[in-house]
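Consider the structure shown below. The paragraphs that follow lead from its sheet to the helices beside it and then to a pocket.

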Amino acid sequence: MQLKPVTHIIFDMDGLIIESESFYKRILIDIASQYHKEYTQEVEKRILGTTEKDTAKIFLGELNIPLSVEDFLVLYHKKVAVELQNPPLMPGVERLVKHLAKNNVSIAVATSSSKQALAIKTKNHQHLFKLFHHIVCGTTDPDVKNGKPAPDIFLVCASRFEDKPDPSKCLVLEDAPNGIKGALEAGMQAVLVPSKDIEPDLKRATLVLDSLEDFKPELFGLPPFES
């Protein structure tokens, strides 16, 4: 597939900027075990990248757990508040974000997280998150009608750049197949940096990388890293 030049980059957050997916996995395994259920890789793949409400619906439905979505989310939020106080940054992300910001490339975040979860997870990484032009939180943003794999969050995110770029000028960086699908449906190119323990659908992505350390901005017409 031919790579086309872009002017704007939209980052996913969980599993792409911060290593939070292992924490979420532990939380969901713990909730499942309370009901003597197994949180399988197949269910995890379906949940990756979804809004909190969609996570709840898929998790409860697939595992046949007798909780309402509301009761699940109360339990889930309590655990998130404890577990996700200080998730580490993913390899290569700090270098990339600082490089793009220094070279005046427009960057934003499109995360399925809620605004409350965002505040908890990013409080110790504000030096990095303040470099983004804006952050869209899919769970709590009223303009995002449908969560990933729908394209809504990416189109909303693009529309909030001051120059409102055409989707074809936007590149999405994602770790989840749901996000890749949404980005491509939005008419954007999409780079997949897949979670190590999830077998992703590699055919969909514009480009697949093992790590953001391997990302070469010049492939998309952006300023290269200084050697």
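Helices (H or I, at least four residues) and strands (E, at least two) are runs assigned by DSSP and numbered from the N terminus, and two strands pair if DSSP finds at least two bridges between them. The model is predicted, with local features requiring pLDDT of at least 70 and side-chain atom pairs pLDDT 80 or more, while totals for chains, interfaces and linings use all residues. Residues are numbered from 1 along each chain as its sequence is written, and side-chain values use heavy atoms, without hydrogens and water.

Six strands, in the order E3-E2-E1-E4-E5-E6, build an open sheet with parallel pairing. At its edges stand E3 (135-137) and E6 (207-208), each paired on one side only. Within the sheet, E4 (residues 170-174) and E5 (residues 189-192) are joined in the parallel sense by four bridges. Leu173 stands opposite Val191 in E5.

Helix H8 (residues 152-159) packs on this sheet and touches E1, E2, E3 and E4, where contact means heavy atoms within 4.5 Å. The direction of H8 makes about 150 degrees with that of E2; axes are lines fitted to C-alpha atoms, for helices over the stretch in contact, and angles run from 0 to 180 degrees between N-to-C directions.

Where is the lining of the largest pocket drawn from? Its largest share, three residues, comes from helix H1 (residues 21-34).
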